[in-house]
Amino acid sequence: MGQCLLLGAGLMFLYDILRILRIVIPHSIMVISIEDVLYWIVAGILMFILLYKEDEGNIRWFAIAFTTVGMLGYNFGISRFIVPFIGKCIRWPILKVMGAVKVVTSKVKATGKLVTELLKKHFKKDRIEKRMKKSVREKVD
């Protein structure tokens, strides 16, 4: 029974990692769905391994019930406080870094536009000078 409770808490811990990732990096519905399907496949495999090792592969409803109790206990106990706290602690520096990157990229873009405009003006000026020299040569000849 204790192993079932620990498995339930461990499964919720794994799901908390997914929750934290979703707080830090926003996901689309499609990605969330794929993550959830993969999570439940892993959860099913871990539950199968537990039942196979402990009960010779027999499905014991109390094992499933205690796993569920372990999941619910962890979810309504520790998880309610840990997920938002860790999510915010990780997301805050990432947002700061992303803000700095945004500022730097905007400066680089602005500098690139300025350089492009200067080069266009320079080459346009060169073309005009070349045309004038050519027209003067034609008049001389």
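Helix H1 has 23 residues, which at 1.5 Å a residue should span 33 Å; its end C-alpha atoms are 33 Å apart, so expectation and model agree. The model is a predicted one. Its average pLDDT is 84, and 87% of the residues score at least 70. Confidence varies by element: H2 has the highest mean pLDDT, 90, and H3 the lowest, 81. Where pLDDT is low, the predicted coordinates should not be read in detail.

Stay with H1, which covers residues 2–24. Its buried residues are Cys4, Leu7, Gly8, Leu11, Met12, Tyr15, Asp16, Leu18, Ile20, Arg22 and Val24. The list mixes nonpolar names with charged ones, including Asp16 and Arg22. Take the nonpolar side first.

In soluble globular proteins, nonpolar side chains tend to be buried together. Here the largest nonpolar core has 14 residues. Leu11, Tyr39 and Met47 have the most contacts inside this core. H1, H2 and H3 each supply at least two of the core residues. H1 gives the most, with six. Met47 shows how contacts reach across the sequence. Beyond its neighbours within four places, Met47 is in contact with Leu7, Ala63, Ile64 and Thr67.

Now the charged residues. How many salt bridges does the model hold? The count comes to three. One stays within a helix: Arg19 pairs with Asp16, their closest N and O atoms 3.2 Å apart. Both residues lie in H1, three residues apart, about one turn of the helix. The partners differ in exposure. Asp16 counts as buried because its relative accessibility is 3%, under the 20% cut-off. Arg19, at 24%, is partly exposed.

The other two bridges share Arg22. The side chains of Glu35 and Arg22 meet at 2.9 Å, N to O. That pair links distant parts of the chain, with Glu35 in H2 and Arg22 in H1, 13 residues apart. Asp36 and Arg22 also form a salt bridge, at 2.8 Å, N to O. Asp36 lies in H2 and Arg22 in H1, so this pair ties together parts that are 14 residues apart in sequence. Arg22, Glu35 and Asp36 thus appear as a network of salt bridges.

Are Glu35 and Arg22 buried or exposed? Both are buried. The relative accessible area is 15% for Glu35 and 18% for Arg22. Glu35 sits in H2, residues 29–55. Apart from residues up to four places away, Glu35 touches Leu18, Arg22 and His27.

Return to the start of H1 for its link to other parts of the chain. Gln3 is partly exposed, at 41% relative accessibility. Leaving out residues up to four places away, Gln3 touches Leu50 and Glu54. The C-alpha atoms of Gln3 and Thr67 are separated by 8.2 Å, although the two residues are 64 apart along the chain. A second pair spans 69 residues: the C-alpha atoms of Ile78 and Ala9 are 9.8 Å apart. Ile78 belongs to H3, residues 61–140. At 45% relative accessibility, Ile78 counts as partly exposed.

Last, the cysteines. What does a search of the whole structure find in the way of disulfides? It finds zero. Cys4 is buried, with a relative accessible area of 7%. Cys89 is partly exposed, at 41%.

Technical notes:
Residues numbered from 1 in each chain as written. Predicted model: local features only at pLDDT ≥ 70, side-chain atom pairs only at ≥ 80, totals over all residues. Heavy atoms only, no water. Helix = DSSP H or I, 4+ residues; strand = E, 2+ residues; numbered from the N terminus. Buried < 20%, exposed > 50% of the residue type's maximum accessible area, 1.4 Å probe, protein only. Contact = heavy atoms within 4.5 Å. Core = buried A, V, L, I, M, F, W, Y, C linked by side-chain atoms within 4.5 Å. pLDDT = per-residue confidence, 0-100. Expected span 1.5 Å × (residues − 1). Disulfide = S-S within 2.5 Å. Salt bridge = Lys/Arg side-chain N within 4 Å of Asp/Glu carboxyl O.
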